[in-house]
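I opened my notebook on this one with a fresh cup of coffee. Here is what I looked up, entry by entry.

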Amino acid sequence: MIAAYGLSKFFPIRGAFRSTTSLKAVDDVGLKIQNEQVVGLVGESGSGKSTVGRCLIRLLKPTEGEILFDIPDSELVEYEKARAEDATKRVDAIADRFSLLRRSSSELRSLRRLANIVFQDPYSSLNPRMRLADIITEPMLSTRFCTRAEAEIRARELLREVGLPEFFEDRYPHELSGGQRQRVAIARAISTNPKLLILDEPTSALDVSVQAQILNLLRGLQEKYGISMLLITHNIAVVAYLAEYVYVMYAGKIMEWGEKGKVLRDPQHPYTKALMSSVPVIGETMTRTILRGDPPNLVSPPIACRFHPRCPVAFEVCGWSAEEVAEDLEYLLAGKYYEGFGDAVSVIAEGERTITIQGTTDAERIRELVGLENEEVRSLKSVEAIDVSDGSTVVRLHEPVEPEMYPAPDGRQVKCLLFRPDVSPPTGNA
Amino acid sequence: MSDALAIRDLQVHFHTRRGLYKALNGVNLGLRRGEVLGIAGESGCGKTTLGLAVMSLLPRNASIPGGKVIFDKKDLVNLPREYSERVGDRFNPKENERVLRRVGKAMTGIRGRRISMVFQEPMTSLNPVLPIGFQVAEAIYVHDPALLARRVLSRSKATPALLKELMALLVATHGDEASLRKFAAEHGLAGIEEQALFIWNRGDIHISRKEKAIRALSGAPVNRAELKIIEVVARTGSIPPQYARVPVLSRIVRRVLIKEGYRKARELLTSLGIHHAERVVKMYPHELSGGMRQRVVIAIALANNPEIVIMDEPTSAVDVTVQAQILELVKRIRTSVSASFIVISHDLAVLAEVCDRIAIMYAGRVVEVAPTDQILQKPLHPYTQLLISAIPTLEAKPVEGIKGDVPDMRAVPVGCAFHPRCPFAFEKCHEIIPIDLPHGNDQLVACWLYEAK
């Protein structure tokens, strides 16, 4: 139905002196939704899940990447093969026909019939000055789906379809409750018989009792019309209720994807594991993996795996920078291992891979400390060698490795170095 | 033992241009000492209004036509209630504002000191133009300047020899608070014990550094003028008005005590699990992440060792992984402080995690109260049952919405407010508001279905 490859979206940030940096909201995301499939995209706020949704229907123009829309399976297989072989010509030939990024704005307008979006906040996504009938007919008219007379008849049908009485057509959004508004937004989104529906947090502004109604409505519509849906949400239970496949995003990257049952019940990526164990469940007391810290700043994201600073099982090559290690080392030397080092010690990060500890030449003791603490303070795992030179101790770190999507035996894919096929996973399990 | 807080038949009405909005219609609730009580309900059910009413933070268009909030044998809402009773329908927000101002004055010794509140949105409840250390310090400076004064004084008096003795005592008693306090009182060092204990209880530093830090407590540089003023503050327990009138003096008091407040803020933040607190206290709210901000707000709420802490949606603005951190923190502080907690949330699963008892609210009334396990496993009230079955789970069991919408609080249905949506409603429900019926073990349910036949 729709497939995205290497999708990236950077938002420019203009700082002082006109230097331009960018916020890497979405970075190299691959995603596929098949016909009549409901796919969930979960992640915390700021993980870039809404940006992905907006890029997919070209509300935003991606910085990089390719989006193929409404593509038959056979062609998609062909495209993937060509892409793997780096056959630029064949890739271009297929992309020319299906890529959303190569459409002119008038072509896009007619394509909009086939894909639509429901936004999170039904209080701001409906124009307060339009009657419900006008709100619902607008996409049909603007994409020349049908004539005005037909559209008005259809608007009444749609109102009934989403469980609202027909006489609501003359009402205005402010007269409705939150749940009723979201029903109108859904009616508007399905008015042009789309093949793909993007649901951006469709229930997070609603109370649970109303949320359940909306979820059941969406499920009913999906079964009746076979619409493909991308369900973007932070609420894992909502995904569990509607979706077949789940993508888990963190800090602009997909961390794990696979069948819902597998990913949610038996998560493999350390982030997914922590995420699932953080979800409070009624009537269940389980041991939680409490992550330390907060999601990273995406202007200067952590190198290599973006999850490594919070990861409970991060190891040597996950992407530790000298600064991160130096901070942890300093904390330990000034706190728990104060004895023997005293106040004279200072830890300085030099470049990306080396740290100098001034004021001590006791490399043996630092080696011992690193050995003792590296289960608890994961950044110390990245220490490769500790030597003495020029009256200070020099710590060298491992070279980081950028993780890719690695296939797990049960069909899912995980972006974690623990799952590299060529390397046996190191010790430690979340 | 009596309840820490008792709410009796509390009613709160908002006078709006579009009519009388009956936010609370007779809430009965008791907060037991040392417990964590959860209040759950959908938006608009009055759970936040209840919190605000207890804190006397209601806006001027709110009247309290009836009910009591009893804290420490005093009724916190008697003034606005008397006003509402006196004027009846001729309610005037301007006059009410005058009443509320008087209530505000009467509440200064209670609000923020004995009852404190954590608000929903940590960004808006912190002042964006002040460093967070100052905001914690200010909370203590306003309510308990003597505490800060004692801390400075004790440090200026402490000699290295005494601190060495104190350290030995800490090692000998493994950080026993009572004996430490006795020691401090005997040597005229009241105020040093909490500083020493804080250092002693830190898990992340080596004992030799603890020793050094405790020794470093001695000899705070205080000049003679400051010392005199601070002594008065420590003795009288408040800043004498004659000081407040003289700008030079009040500035000295403020400077010394706020500086001490920063020190206390560092201790508080460290004990709430923030690393490098000495750096964090100098930061401004926008520099902190959501989880850190929420910790700061909790630190401010706990700064004065309150008896009751009200948390209004403490985790709604943060992500699940951070929510798990905050819930863990709440579970930890409830064992370390002697306060009772009220946690308000729309998420039953969050409450299930931290609460001893849960109260379910609907349309301005408490419909059911019971111990957490009991209410989740055997909910009695039809609303509670439907609410629980509407929560989607990871097992993707079919969920059922509750038909209809939350009632308009300007025209609450006669009888039980839930009857238009209730599948079990019968004649009596349409006519008479149900009373709280005790059921089984410690469970109260306001539903006619459970009336003894």
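**A covered helix**

I began with H11(A), where I found Pro270(A), Tyr271(A), Thr272(A), Ala274(A), Leu275(A), Met276(A), Ser277(A) and Ser278(A) buried. That makes eight of the nine residues in this helix, which spans 270-278, so I noted H11 of chain A as mostly covered; I counted a residue as buried if 20 or more other C-beta atoms lie within 10 Å of its own.

Next I asked myself what covers the buried residues of H11(A). From chain A, the cover includes strand S8 (245-250), strand S9 (253-259) and helix H10 (260-265). Chain B takes part as well, with helix H16 (320-336).

**How far to trust it**

I reminded myself that this is a predicted model. The predictor gives the complex an ipTM of 0.85 and a pTM of 0.89. For chain B I noted a mean pLDDT of 89, with 100% of its residues at 70 or more.

**Where the chains meet**

I then looked up the contacts and found 37 residues of chain A against 40 residues of chain B. On the chain A side, helix H8 (208-225), helix H9 (236-242) and H11 each supply at least two residues. H8(A) has the largest share, with seven residues. Sorting that side of chain A by class, I got 21 nonpolar, 10 polar and six charged residues.

**Strands at the start of chain A**

Last, I followed S1 of chain A, residues 2-14. S1(A) runs antiparallel to S2(A), residues 20-33, and 10 bridges join them. Within that pairing, Leu7(A) has Val29(A) as its bridge partner. S1(A) also pairs with S4(A), residues 64-69, in the antiparallel sense over five bridges. There I found Ile2(A) opposite Phe69(A).

Key
Residues are numbered from 1 along each chain as its sequence is written. Chains are lettered from A and ligands numbered from 1 in the order in which they are written. This is a predicted model: local features need pLDDT of at least 70, side-chain atom pairs count only at pLDDT 80 or more; totals for chains, interfaces and linings use all residues. A residue is buried if 20 or more other C-beta atoms lie within 10 Å of its own, exposed if 12 or fewer, and partly exposed in between; C-beta atoms are placed from the backbone. Helices (H or I, at least four residues) and strands (E, at least two) are DSSP runs, numbered from the N terminus. Two residues are in contact if their C-beta atoms, placed from the backbone, lie within 7 Å. pLDDT is the predictor's confidence in each residue, from 0 to 100. Ala, Val, Leu, Ile, Met, Phe, Trp, Tyr, Cys and Pro count as nonpolar, Asp, Glu, Lys and Arg as charged, and the others, Gly among them, as polar. Two strands pair if DSSP finds at least two bridges between them.
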